[in-house]
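Reader: Could you take me through one small part of this model at close range? I would love a friendly tour that starts from a single residue and works outwards.

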Amino acid sequence: MNYSDLQLNTDLKDSLNALERGNRMPHAFIISGGSESERKTLAEHLSAWAVCGSDKNRPCGSCKNCQNAFERAHSDIYYAKSSGKTKIYKADELKWIVADASIKPNQADRKVYVFEECDKRLPEISQNILLKTIEEPPQDILFILTCENSKTMLETIRSRATTLNLGYEKEQNEEYVELAEEILRGILSSSELELLKATYKLSDRFSAIQTLDTVVDILGDGLSMQSGFEPSDNTAVAELLCGKLTKSQFLALIEITISAKQKINQNVSLELLSTWLCSQYRKTVW
Ligand SMILES: [Zn+2]
């Protein structure tokens, strides 16, 4: 494979070389880590590899299949279309792909479907639509899913795909704690703006869920402190909450945060969710 314009780490080059030597093309790749443009470039290379007509050193870059692939104009390579305000892959689009995947390729030996930035566009509920096709793939199919963090993909999908990690998958725990604390301080603040600003930072589904989980943890800590228990972490904000909230307010806030998480899994837009969350929190505390 020709990696000249790809900055790949050695491990990744080794695994791609091994796949190529064995002429083993998996049915699904997950490309994670790195930057969005690196993921995009690798997805294009793998698509071209899958359709290239050359016998060796694929993708050759010069055959008709490769040229069309790199121009994103190959009839056997389909980039899933995101739509709507939330830019997610809608169920209709995914169902169409599942049906189309069982039809033979036009020009190449394989058909390729590319799903980009799945952390933002392919929530769990939608991943389920693809699950059966990934579990029992039709002949000559390649699914390529790109994402910042592969943990956003269902375990059942990850276990059937070859994951190519372009590098460091961001360890976001600290980021989540920071935003969760900002939201909780916003709840205690007398200005609605502070809370709104914090909840509007919930920018993608995966990190929104992680952040809300952290909010629930910190609230739980505050509640334990109020009951005389010593919590393990996050004491500063938990202590602040402990001094200002009643037990029933703690419980109501936890309940609201858990419902917000459920809404994310049901595909509610994050903008709507932030507004809803803000008004519910406000009603409880002010
Ligand atoms: Zn080629």
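Where does glutamate 117 lie?

Author: Happy to help! This is a predicted model, in which local features need pLDDT of at least 70 and side-chain atom pairs count only at pLDDT 80 or more, while totals for chains, interfaces and linings use all residues. Numbering runs from 1 along each chain as its sequence is written, and side-chain values use heavy atoms, leaving out hydrogens and water.

Glutamate 117 is in the loop between β3 (111-115) and α5; helices (H or I, at least four residues) and strands (E, at least two) are DSSP runs numbered from the N terminus. Its phi is positive, near 50 degrees, although the residue is not a glycine. Most residues other than glycine have a negative phi. With 4% relative accessibility, glutamate 117 counts as buried (under 20%; exposed is over 50%, partly exposed in between, with a 1.4 Å probe and protein chains only).

Arginine 72 also has a positive phi, about 55 degrees, without being a glycine. Arginine 72 sits in the loop between α3 (64-70) and β2 (77-79) and is partly exposed, at 33% relative accessibility. It makes a salt bridge with glutamate 44, whose closest N and O atoms are 2.9 Å apart (the rule asks for a side-chain nitrogen of Lys or Arg within 4 Å of a carboxyl oxygen of Asp or Glu). Glutamate 44 belongs to helix α2 (residues 36-51), 28 residues from arginine 72, and is buried, with a relative accessible area of 16%.

Another salt bridge pairs glutamate 192 with arginine 282 at 3.2 Å between the closest N and O atoms. That pair links helix α9 (residues 192-199) to helix α13 (residues 270-285), 90 residues apart. As for shared partners, salt bridges join Glu44, Arg72 and Glu116 into one network. The whole structure holds 10 salt bridges.

Back to α5, the helix after your loop. The protein is divided into domain 1 (10-165) and domain 2 (173-285), with bounds from an automatic or database domain assignment. Between these domains about 730 Å² is buried, 63% of it given by carbon and sulfur atoms (the accessible area, with a 1.4 Å probe, that two parts lose on being put together, summed over both). Thr86, Lys120 and Ile125 lose the most area on the domain 1 side, together 38% of what that side buries. On that side, α5 (118-121) and α6 (124-135) are the elements that give two or more residues. Salt bridges between the domains number zero.
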